[in-house]
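Hello,

Here is the structure I promised to pass on to you. Please open it alongside this email, and then read on for what turned up.

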Amino acid sequence: SIRLSPSQVGEILTCPRRYFLNRSARAGGPPVVSASLGSVIHLVVQHANRSGPDVGEVGGYLDAAWQHLRFEAGWLSAVERAEAEVCVERFLAWREQRPNELVGTEVPFEMTVHAEQNEVTVAGTVDRLERTPQGRLQVVDFKTGRVAPTRAEVAGMEQLGIYQLAVEAGALAVDGSHGAGGSAGAAAVF
């Protein structure tokens, strides 16, 4: 049986050779600081989703998480930290404007899809799941890259399509509803 995450599906579709070298042959390099920084931002956002709008508390959580990152130079840490703070402030402002109800963060899912003669299990977690006023579920995926993609690039993100498929397939068990209202789409937030 084949088991993939949504990001692995994207890697396979983008460059099968790179996927093979990184995952199967383990020829990829060590994680870079940007990957660790992205993980820290995701953790802080997840914490902020639970704690509410207290900027000071979110800042304290960022302080605690920041201590675990290793930078080659102090100035690089300062630059990245300033960028992280801007990212978190942008998220808090975005969150305050959301009309939807927060259903959950880091919501797991697993589903089986058929590809040619193979069964493929796709499993992962959704960064943020919201319920619209109409009762439909919307997936929000947080991105921490330095350059925001174009609308066309967002529309072509395989991960967002997979998340919507998971909602429609009832793979996101929330409040016992399994996405009964259907998908309201997915959004990438930078």
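One term first: a crossing of two helices is called right-handed if the near helix is turned clockwise from the far one by less than a right angle, and left-handed if it is turned anticlockwise. Please also keep in mind that this is a predicted model.

**Helices α1 and α7**

With that term in hand, look at helix α1 (residues 6-14) and helix α7 (residues 158-168), whose axes come within 8 Å and cross at roughly 135°. Angles of 115 to 145 degrees fall among those that count as oblique, and α1 and α7 are therefore oblique to each other. The crossing in which α1 passes α7 is right-handed. On the α1 side the contact is made by P6, S7, V9, G10 and L13, and on the α7 side by E158, Q159, I162 and Y163. Sorted by class, the residues of this contact are 5 nonpolar, 3 polar and 1 charged.

**The second largest pocket**

These two helices turn up again in the second largest pocket, where α1, α2 (16-24) and α7 each supply at least two residues of the lining. The pocket holds about 290 Å³ of space. It is lined by 14 residues, and S7, G10, E11, T14 and E158 are the closest to its centre. Which helix gives the most to this lining? It is α1, with 5 residues. The lining as a whole divides into 4 nonpolar, 5 polar and 5 charged residues.

**Helices α4 and α5**

A second helix pair to look at is helix α4 (residues 55-66) with helix α5 (residues 74-96), which pack at an angle of about 145° with their axes 11 Å apart. Here too the crossing is right-handed, as α4 passes α5. From α4, the residues in contact are V55, V58, G59, L62, D63 and W66, and from α5 they are S77, E80, R81, A84, E85, V88 and L92. By class this contact has 7 nonpolar, 2 polar and 4 charged residues.

**The cavity**

Finally, how many cavities of 30 Å³ or more does the structure hold? There is 1, and the volume of the largest cavity is about 30 Å³. Its lining is made up of H42, V45, Q46, N49, E106, D127 and F142. Helix α3 (residues 33-51) provides the largest share of that lining, with 4 residues. In terms of class, the lining has 2 nonpolar, 3 polar and 2 charged residues.

Happy browsing, and all the best!

Methods: Residues are numbered from 1 along each chain as its sequence is written. This is a predicted model: local features need pLDDT of at least 70, side-chain atom pairs count only at pLDDT 80 or more; totals for chains, interfaces and linings use all residues. Side-chain values use heavy atoms; hydrogens and water are left out. On a 1 Å grid over the protein atoms alone, a cavity is a set of points where a 1.4 Å probe fits but cannot get out, and a pocket is an open set with protein on both sides within 12 Å along at least five of seven lines; lining residues have an atom within 4 Å of a point. Grid points are joined across faces, edges and corners, and a volume is the space filled by probe spheres set on the points. Ala, Val, Leu, Ile, Met, Phe, Trp, Tyr, Cys and Pro count as nonpolar, Asp, Glu, Lys and Arg as charged, and the others, Gly among them, as polar. Axes are lines fitted to C-alpha atoms, for helices over the stretch in contact, and angles run from 0 to 180 degrees between N-to-C directions. Angles under 35 degrees count as roughly parallel, over 145 as roughly antiparallel, 65 to 115 as roughly perpendicular and the rest as oblique. Contact means heavy atoms within 4.5 Å.
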